[in-house]
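Please open the structure in your viewer and keep the selection tool at hand. The stops below are arranged as a route, each naming what to select next and what is there.

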Amino acid sequence: MTSSTKRENETVQEGEEVKRSKVEDEVKESSAFPAGKSAFSEGLFNDERKDGLKKYIEDSGPYKHGVIQPLVNDELLRKVRKEIMEEIMFTKKETDIYKVYQTGDLANLSGLGEEELKRLSSLNTLRNALYSQEFRDYLSYVTGAGPLSGVKKDLSINVYQKGCHLLNHDDVIGSRRVSYILYLPDPDEPWQAKWGGALRLYSTLTPNIPSTDWELKIPPAWNQLAFFTVQPGLSFHDVEEVYVDKPRMSISGWFHIPQPGEPGFIEGEQEEIEGLSSLKQLESKKLEEYDYPKEEQHKPSEEVDVTKFEQDDRDYLAKYLNEKLLDEGSLEKLNETFCNESMIEINDFLNAEYAKIVKEAIDVDDIAKVPGKSTEVPQPWEVARPPHKARYLYLGEHSQKVEPTKTLAAHTKLQEVRELFQSVAFYRWLYKLSGMAPESDSVIARRFRPGYDFTLATTSNSEDSVLEGTLSLTPSKGWLDGEVGGYELTMSVDEESKEADPAVYGAQTEGDDDPVLLTSQANWNVFSLIVRDSGILRFVKYVSRNATGSRWDVSATWQVQPSEDDDEEGEETEN
């Protein structure tokens, strides 16, 4: 062994000893917390009450969960809420999956200075009580989940204002064992269920596939703790949007499996849990049979030369498209823009006469009652699922033919637009616009209902570059600032970021390049077209119930013939 290697090994050993010593100190600290029972409501630790809760949890569905109210000494919790309101700042956080106002991690409160800690003394007392040995043993007993870590504290304060929400997921990340929410709405104004903000639990069709509709709803209430064992592929839940201008405040977090140096630690347990995570399962081929809509490729009935844009094509397209888009000079300018940017947005895409007919049909459905649960959705519409990936109504290749009625008419015109996008004439127009030759397509019409629908961020299913287009046909107003969601966001992401968390955007710090390539607000008669490869994420943001109508669009993917550059690149790779 060289002296250099020896020094490196000694350094590593010293580092491990320091780390283990730190863990042991934290274990001692956690066990040295005051018993903390006085911080909780009277009678909480009573054996009869405890056994009753354990029995409730064992019999609960759609998966094991519990509710305790009241949890904490009322006087203490009121002081906690007062400290939060007066001393703590919140940051708005928004991704494809949530919108919330949040503090940082509260695990390190004890690291604050003396004056700061004094101003948050009640919050610190509550945190210590929640992670005390007594309460961890209590939760372990009633849930049957096993021992819980006192070293790893993981909690934050969340405020859901009007429009805030958290979409479907199962909480399986890292070493989480029990998930909890302690509600702190105004104690003197009882929270009403109609205000939203409920925790909603979902059953599963099979592990890792949640049902389309939620099964159980737990509305917020002052001093109420809702909790459940984090179960890979089973513990799917969301937080209902808050519908009113009232803060739905809570302390939420997780109890984790024991860490190295703690009693109950099992080597390799965390890795086993992570392997079962629904995030890991999202890309599993075995589960694709539960995904709807299916991406079915449509090809023209006969092989065509898309490079020939003839008068017959112009005559056909003139029935639908703005005449300016068929002008040779205009097409050359659009092509130049597209080739420079690899994307383009075109206003007034449909001609005025046809756009008026489409709008009248969509208005019929938009004004009618919004169908909510999947069982209420009328044919020919179907529901995109499972809801930890997407939820919206769609018309696809095999949707039934249904005659229009006084409350159901949009489907007829949206199907016409679908067929327009699949036509040979449109293929040829796309070639003129983009310089890329379409070979096949997958086109669906979509409706994103207020208070229900979204798509989460995904990469392209194709290894090759494709053309993706969306014609937004949303007649209602109030979308342009993005506050009610419904925008379609396109962003670039490198391989490392995708592996870390493909569902998050907007996390760049000052000085970083903005990964957002295009944000298309829900709008009327606007067509966007991009070149998409495997390094690009897209999603449609959850549509708030405060939106004045649904987001309507026709979304298409065109597989294209490889370019000469692609062919040369492939040959170089093979060589």
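**First stop: a buried arginine**

Select R446, which is buried, with a relative accessible area of 6%; buried here means under 20% relative accessible area, exposed over 50%, and partly exposed in between (1.4 Å probe, protein chains only). The model is a predicted one, in which local features need pLDDT of at least 70, side-chain atom pairs count only at pLDDT 80 or more, and totals for chains, interfaces and linings use all residues. Residues are numbered from 1 along each chain as its sequence is written, and side-chain values use heavy atoms, with hydrogens and water left out.

Add E488, with which R446 forms a salt bridge, the closest N and O atoms being 3.4 Å apart; the term denotes a side-chain nitrogen of Lys or Arg within 4 Å of a carboxyl oxygen of Asp or Glu. R446 lies in strand β18 (residues 438–448) and E488 in strand β21 (residues 488–492), so the pair ties together parts that are 42 residues apart in sequence. Helices (H or I, at least four residues) and strands (E, at least two) are DSSP runs, numbered from the N terminus. E488 is buried as well, at a relative accessible area of 5%.

Now select D553, whose side chain meets that of R446 in a salt bridge of 2.9 Å, N to O. This pair links distant parts of the chain, with D553 in strand β25 (residues 551–560) and R446 in strand β18, 107 residues apart. Extend the selection to R446, E468, E488, R532, R538, R551 and D553: salt bridges that share partners join these residues into one network.

**Second stop: a salt bridge with accessible partners**

How many salt bridges does a search of the whole structure find? The search finds 33. For another of these contacts, select E419 and K401, whose side chains meet at 3.9 Å, N to O. E419 lies in helix α12 (residues 410–421) and K401 in the loop between β17 (393–395) and α12, so the pair ties together parts that are 18 residues apart in sequence. E419 is partly exposed, at a relative accessible area of 40%, whereas K401 is exposed, at 69%.

**Third stop: a buried serine**

Proceed to S472 in strand β20 (residues 466–473). Is this serine buried or exposed? S472 is buried, with a relative accessible area of 4%. Its side chain reaches the backbone oxygen of N523 at 2.7 Å.

**Fourth stop: backbone geometry in loops**

Select Y292 and P293: the peptide bond between them is cis, with omega near 5°. P293 is in the loop between α8 (278–281) and α9. A cis peptide bond also joins Q379 and P380, where omega is about 10°; P380 is placed in the loop between α11 (352–367) and β15 (382–383).

Next, select D171, a residue other than glycine with a positive phi, near 70°. D171 sits in the loop between β5 (165–169) and β6 (176–183) and is buried, at 6% relative accessible area. S342 likewise has a positive phi, near 60°. Its place is the loop between α10 (328–341) and β14 (343–347), and at 33% relative accessibility S342 counts as partly exposed.

**Final stop: a loop phenylalanine**

Finish at F40, in the loop between α1 (3–31) and α2 (47–59). F40 is buried, with a relative accessible area of 4%. Add D74 and display the C-alpha atoms: F40 and D74 are 34 residues apart in sequence and 8.4 Å apart in space.

Methods:
A polar contact is a pair of N or O atoms within 3.5 Å; within protein, one must be able to donate a hydrogen and the other to accept it, and residues adjacent in sequence count only if both atoms are side-chain atoms.
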